[in-house]
Amino acid sequence: MSEWCVSNTNCGGNIALYLNGSHPQLDDGVVTREVLGYHPRGKCDDYRSTPIQIKACPGDYYVYELVRPDESVRGPSYCADFIETCESSSGSMSLSRCQLFEAGFPSDILHLNDPRCRGTVRNGRVEFYFDIDHVCGTNLMANGTHFIYENFIIGDPNSVGHLISRERILKLPFSCVYSQTQTLSMDINPLESTVHRTLPAGQGTYQVRMIPYQDAEFYHPFAGSVNAELKEQIFVEVRVEGVDSRQFASVIDTCWATPVIDPNYPLRWDLITDMCPSPNDKVELLQNGVSTSSRFSFSMFIFTANSTKIYLHCAIHLCLLTDNPCSV
């Protein structure tokens, strides 16, 4: 959110709300800040809204616990210097058009890394967008724990025909960060188990699904409860959705079973360890590290300690195909 007064109507409402005070530091923990607004018939601090709580987080972002503004005057809206959205392999950044103009950067000179990707003006803001079909010069990187889509909003006044320039150049980086590893669980009864994590602001989401099948061709998923006979072969697919399959492959690191839903339960039976079938069981790793789906099979069993159900857990990571071979 902005820390200074913003003219009304610049943030999608009649009263632009801003913080009365600075953002916290990492060591400050959760702090409370007063919220002020520019009243249409007054001045900057004539409108006071309900205070909010803010926390600074590692990675240079903040978490806001916003509350519904006092609507005794119509149209109050929180005002951010930028609004970033990340989902799957796409990202968008929205900036205040007025603040950009006041800083000397009109919207018509702004673009992403690819100069053809210009911003769209909507509701007093300039919006930039990229996805897998409109890359716009976005760079994809991986650091071992996260993969990162990075781009820049660039404002470079036209200097064609001029030997020198004293005009300022804007180069504003923004990125979408996704966790490279996930752990998901499934008991042997449901058809599917879904993990859908929403990460903090500036980070993205993707979905991981674990699906049991009845056949080695993976044509027929179990419908309803999985009632398998002992020694019957169970075929499992771990599928990642919401990432670009041309850029990533999923890799199963470990899979194990427990007699209870807790994946950290001390009694466990390993099926896959270090991306390889466990030597203690007849597990077949059918596909791993070649696409966004990994597959394996195992022979149905039970725990002898008064258990009638097994719970399956897998830890996976996403491998960037351009970095190195992902298959094992």
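Where is the place of Asp131? In this predicted model, Asp131 sits in the loop between β10 (125-130) and β11 (139-142). The residue is buried yet has no salt bridge, and the nearest side chain of opposite charge, that of Arg246, is 7.7 Å away. Polar partners can be found for Asp131 all the same. Its side chain makes a polar contact with the side chain of Tyr129, at 3.5 Å, and a polar atom of the Asp131 side chain lies 2.9 Å from the backbone nitrogen of Asp133. Once neighbours within four places in sequence are left aside, Asp131 is in contact with Ser89 and Ser90.

The backbone of another loop also invites a look. Between β16 (207-213) and β17 (233-241) lies Phe218, a residue other than glycine whose phi is positive, near 60°. The loop between β16 and β17 also holds Lys231, which is likewise not a glycine and has a positive phi, near 75°. As for their surroundings, Phe218 counts as buried because its relative accessibility is 8%, under the 20% limit. Lys231, at 73% relative accessibility, is over the 50% limit and therefore counts as exposed.

Turning to the nonpolar interior, the largest core comprises 48 residues, and those with the most contacts inside it are Phe147, Tyr206, Val238, Leu271, Phe296 and Phe298. Strand β23, spanning residues 311-320, gives the most to this core, contributing five residues. Another core lies apart from it and has eight residues, including Leu17, Leu19, Val31 and Ile52.

Note on methods
Residues are numbered from 1 along each chain as its sequence is written. This is a predicted model: local features need pLDDT of at least 70, side-chain atom pairs count only at pLDDT 80 or more; totals for chains, interfaces and linings use all residues. Side-chain values use heavy atoms; hydrogens and water are left out. A nonpolar core is a set of buried Ala, Val, Leu, Ile, Met, Phe, Trp, Tyr and Cys residues joined through side-chain atoms within 4.5 Å. Buried means under 20% relative accessible area, exposed over 50%, partly exposed in between (1.4 Å probe, protein chains only). Helices (H or I, at least four residues) and strands (E, at least two) are DSSP runs, numbered from the N terminus. Lys and Arg count as positive and Asp and Glu as negative; His and the chain ends are not counted. A salt bridge is a side-chain nitrogen of Lys or Arg within 4 Å of a carboxyl oxygen of Asp or Glu. A polar contact is a pair of N or O atoms within 3.5 Å; within protein, one must be able to donate a hydrogen and the other to accept it, and residues adjacent in sequence count only if both atoms are side-chain atoms. Contact means heavy atoms within 4.5 Å.
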